[in-house]
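Reader: Hi! I'm in my first year and still learning how to look at protein models. Could you take me through one part closely, the largest pocket and what surrounds it?

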Amino acid sequence: MKSKKYLFPLLTFLISFGLALFISLKVFPNNPFTGNKLEKTVSGKYKDGDIIFQTSESKQCEAVRIATNSKFSHCGIIYDINGKWFVFEAIQPVKLTPLEDWIKHGKDSKYVVKRLKNDSVLKPEVLQKMKQYSQQFDGKEYDAYFEWTDNRIYCSELVWKIYKNAAGIELSKLRELKDFNLADPRVGKILKERYGNNIPLEEKVVAPSDLADSKLLITILDNY
């Protein structure tokens, strides 16, 4: 009889606890005991070789956005390194940056991830070749002059060359510096600081926006 006496209060407690837990998960989805469900879902969607874009806030990056009529001013390649996600990026110097840190460096932590429509071409051996090819750029100086050489390198040039030379995929056609919107005073000021009166208008270039607009890519994640 004693066991029956305590059975009803026990069941009542368990039901109440269950309801309270359910409500807390709905109202407080980022509960530290459960983790951020969105982040868990998102992190499982990355793939080796994905390309990630963001908006940086430096004066040069503002000029890039204006000149290219795009919100994107920086990009990199997502690599799985020993089970951890990194972004291989051309900053000063070129390096691997933990993905979470890379996202925080962008304006309001906003970013877009794009992937080849036919990503089956990125077989393990191709990805390995891309990573091996990437090593020659690791530690190199950032190219603030946007020269089409391998001596120094900038972000979209890095991504373009890795895909082209290691995977045989041309993500976009190269353009010339004069093809961009150079008339804006903010862009002109940066160009003046970089080149003086000798702006290399015919220099081959590729912008983050060129890659973002590539018809070979599809958008996987976008939190803008």
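Author: Happy to; we will begin with the whole chain, move on to the pocket and its main helix, and then visit some individual residues.

Please keep in mind that this is a predicted model. The protein chain folds into eight helices and eight strands. Of its 224 residues, 41% are buried. Take the contacts in the chain with a separation of 6 or more: residues 24 or more positions apart account for 69% of them. The accessible surface comes to about 13,300 Å², and carbon and sulfur atoms hold 57% of that surface.

Now for the pocket you asked about. The largest pocket holds about 570 Å³ of space. It is lined by 31 residues, and those closest to its centre are Gln60, Val64, Ser73, Tyr142 and Phe146. What kinds of residues make up the lining of the largest pocket? They divide into 20 nonpolar, nine polar and two charged residues. Several elements share the work of lining: helix H3 (59–68), strand E3 (84–90), helix H6 and helix H7 (185–195) each supply at least two residues. H3 gives the largest share, with six residues.

That makes H3 a good place to pause. This helix is mostly covered, since eight of its 10 residues are buried. The buried ones are Gln60, Cys61, Ala63, Val64, Arg65, Ile66, Ala67 and Thr68. Two of these names should sound familiar, as Gln60 and Val64 are also among the residues closest to the centre of the pocket. What covers the buried residues of H3? The cover includes H7 and helix H8 (208–212). Right after H3 comes Asn69, which has a positive phi, near 55°.

A positive phi deserves a short remark. Most residues other than glycine have a negative phi, and most peptide bonds are trans. With that in mind, look at Phe146, which also sits among the residues closest to the pocket centre. Its phi is near 55°, a positive value in a residue other than glycine. Phe146 belongs to the loop between helix H5 (124–134) and H6. Is Phe146 buried or exposed? Its relative accessibility is 19%, and because buried means under 20%, Phe146 counts as buried. Another example is Ser109, where phi is positive at about 60° although the residue is not a glycine. Ser109 lies in the loop between helix H4 (99–105) and strand E5 (112–116). With a relative accessible area of 30%, Ser109 is partly exposed.

Next, follow strand E3, which we met in the pocket lining. Lys84 lies in this strand. At 57% relative accessibility, Lys84 counts as exposed, because the cut-off for exposed is over 50%. Its C-alpha atom is separated by 8.6 Å from that of Leu99, and the two residues are 15 apart along the chain. In the loop between E3 and strand E4 (94–98) you will find Pro93. A cis peptide bond joins Gln92 and Pro93, with omega at about 0°.

H6 (155–167), another contributor to the lining, leads us to one more loop. Ser172 is found in the loop between H6 and strand E6 (175–176). Ser172 is buried, with a relative accessible area of 11%. Which residues does Ser172 touch, leaving aside its neighbours within four places in sequence? It is in contact with Trp160, Val206, Asp210 and Leu211.

Finally, let us check the cysteines. A disulfide is a covalent bond between the sulfur atoms of two cysteines. How many disulfides does a search of the whole structure find? The search finds zero. Cys75 is in no disulfide, and the nearest cysteine sulfur, that of Cys155, is 4.0 Å away. Cys155 is in no disulfide either, with the sulfur of Cys75 as its nearest cysteine sulfur. A disulfide needs the two sulfur atoms within 2.5 Å, so a pair 4.0 Å apart does not count. Cys75 is buried at 0% relative accessibility, and Cys155 is buried as well, with a relative accessible area of 6%.

Notes:
Residues numbered from 1 in each chain as written. Predicted model: local features only at pLDDT ≥ 70, side-chain atom pairs only at ≥ 80, totals over all residues. Heavy atoms only, no water. Helix = DSSP H or I, 4+ residues; strand = E, 2+ residues; numbered from the N terminus. Buried < 20%, exposed > 50% of the residue type's maximum accessible area, 1.4 Å probe, protein only. Contact = heavy atoms within 4.5 Å. 1 Å grid on protein atoms, 1.4 Å probe; cavity = no way out; pocket = protein on both sides within 12 Å on 5 of 7 lines; lining within 4 Å. Points joined across faces, edges and corners; volume = space filled by probe spheres on them. Nonpolar A, V, L, I, M, F, W, Y, C, P; charged D, E, K, R; others polar. Areas by Shrake-Rupley, 256 points an atom, 1.4 Å probe, with all protein chains shown as cover.
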